[in-house]
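Got your viewer open and your selection syntax warmed up? Load the model and follow along, one selection at a time.

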Amino acid sequence: TLLATVAVCAVAASPALAEPRWLGCKYTDQGGTARNFYMVFDDIRGTAALFDAATLIEGSGTSINYQSIRARFPAFVLTYNRNDGALAISPTEGSYGGILRGECRRTPPPPGAPPR
């Protein structure tokens with residue numbers, strides 16, 4: 001019985017596996033047009049990526065903590081607040097300026113999403 005208990009505990013104590021989580025996000029650009037996109041993040045690996053045109057675009061300088069996710073992409077910096085789902089996008093290119101606001105909600109992976 002002791003050996004069986006130890007075996008069950010060993011299986012249950014296996015290392016945590018990364019579970020990518022998908023977010024469906026929307027924001028309104030400065031022209032008033034609603035924009036939608038998908039983002040996937042992984043707490044254990046500390047990564048965030050956007051799903052665009054059937055490919056994942058990995059963010060750089062990603063920081064993920066209990067409250068927020070921040071990642072830099074070529075055209076903008078994205079900040080997602082886990083507590084209330086608020087999204088802030090700071091464009092780094094073009095003439096937009098300012099911060100664009102929106103929201104993200106948990107969602108299943110979009111059709112055609114690659115496995116992570």
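Here is a tour that starts with the whole chain, walks through some strand pairs and ends at a group of charged side chains.

**Before you click**

This is a predicted model, so local features need pLDDT of at least 70 and side-chain atom pairs count only at pLDDT 80 or more, while totals for chains, interfaces and linings use all residues. Residues are numbered from 1 along each chain as its sequence is written, and side-chain values use heavy atoms, with hydrogens and water left out.

**Stop 1: the whole chain**

Switch to cartoon. You should find one helix and nine strands; here helices (H or I, at least four residues) and strands (E, at least two) are DSSP runs, numbered from the N terminus. Trace the chain along its sequence and the pattern reads α-β-β-β-β-β-β-β-β-β.

Now colour by accessibility. Of the 116 residues, 28% count as buried; buried means under 20% relative accessible area, exposed over 50%, and partly exposed in between (1.4 Å probe, protein chains only). The chain exposes about 7,400 Å², and 56% of that is supplied by carbon and sulfur atoms. Those areas come from the Shrake-Rupley method with a 1.4 Å probe, and for residues only the protein chains shown count as cover.

If you like contact maps, take the contacts (heavy atoms within 4.5 Å) between residues at least 6 apart in sequence: 35% of them join residues at least 24 apart.

**Stop 2: β1, β2 and β3**

Select 21–28 for β1 and 34–42 for β2. These two run antiparallel and are joined by eight bridges; two strands pair if DSSP finds at least two bridges between them. Put sticks on Gly 24 and you'll see Tyr 38 of β2 opposite. The hairpin has five residues between the strands, and Gly 32 there takes a positive phi near 90°.

Add 47–52, which is β3. β2 and β3 pair in the antiparallel sense over five bridges, with Met 39 opposite Leu 50 in β3. Four residues sit between these strands in their hairpin, and Gly 46 in the turn has a positive phi of about 70°.

**Stop 3: β6, β7 and β8**

Jump to 68–73, strand β6, which runs antiparallel to β7 and is joined to it by six bridges. Their hairpin has two residues between the strands. Show Arg 72, and Val 77 in β7 stands opposite.

Which residues of β7 make up its covered face and which its uncovered one? Phe 76, Leu 78 and Tyr 80 are on the covered face, with Val 77, Thr 79 and Asn 81 on the uncovered one. In a regular strand the side chains alternate between the two faces of the sheet.

Next, bring in 86–91 for β8. Five bridges join β7 to β8, again an antiparallel pair, and Tyr 80 has Leu 87 of β8 opposite. Between these strands the hairpin has four residues, with Gly 85 at a positive phi near 80°.

**Stop 4: the charged side chains**

A search of the whole structure finds six salt bridges, each one a side-chain nitrogen of Lys or Arg within 4 Å of a carboxyl oxygen of Asp or Glu. Side chains of opposite charge can pair when their charged atoms come close.

Select Asp 43, which is partly exposed at 29% relative accessible area. Asp 43 forms a salt bridge with Arg 21, the closest N and O atoms being 1.8 Å apart. This pair links distant parts of the chain, 22 residues apart: Asp 43 is in the loop between β2 and β3, and Arg 21 is in β1.

Asp 43 also meets Arg 82 in a salt bridge, at 2.2 Å from N to O. Arg 82 lies in the loop between β7 and β8, so the pair ties together parts that are 39 residues apart in sequence. Arg 82 is partly exposed, at 23%. Keep Arg 21, Asp 43 and Arg 82 on screen together: they are linked in a network of salt bridges.

**Stop 5: next door in sequence**

Finish on Asp 42, in strand β2. Is Asp 42 buried or exposed? Asp 42 counts as buried, at 1% relative accessibility. Its salt-bridge partner is Arg 45, at 2.9 Å from N to O, and Arg 45 counts as exposed, at 54%. For a last distance label, try the C-alpha atoms of Asp 42 and Glu 19: 6.2 Å separates them, although the residues are 23 apart along the chain.
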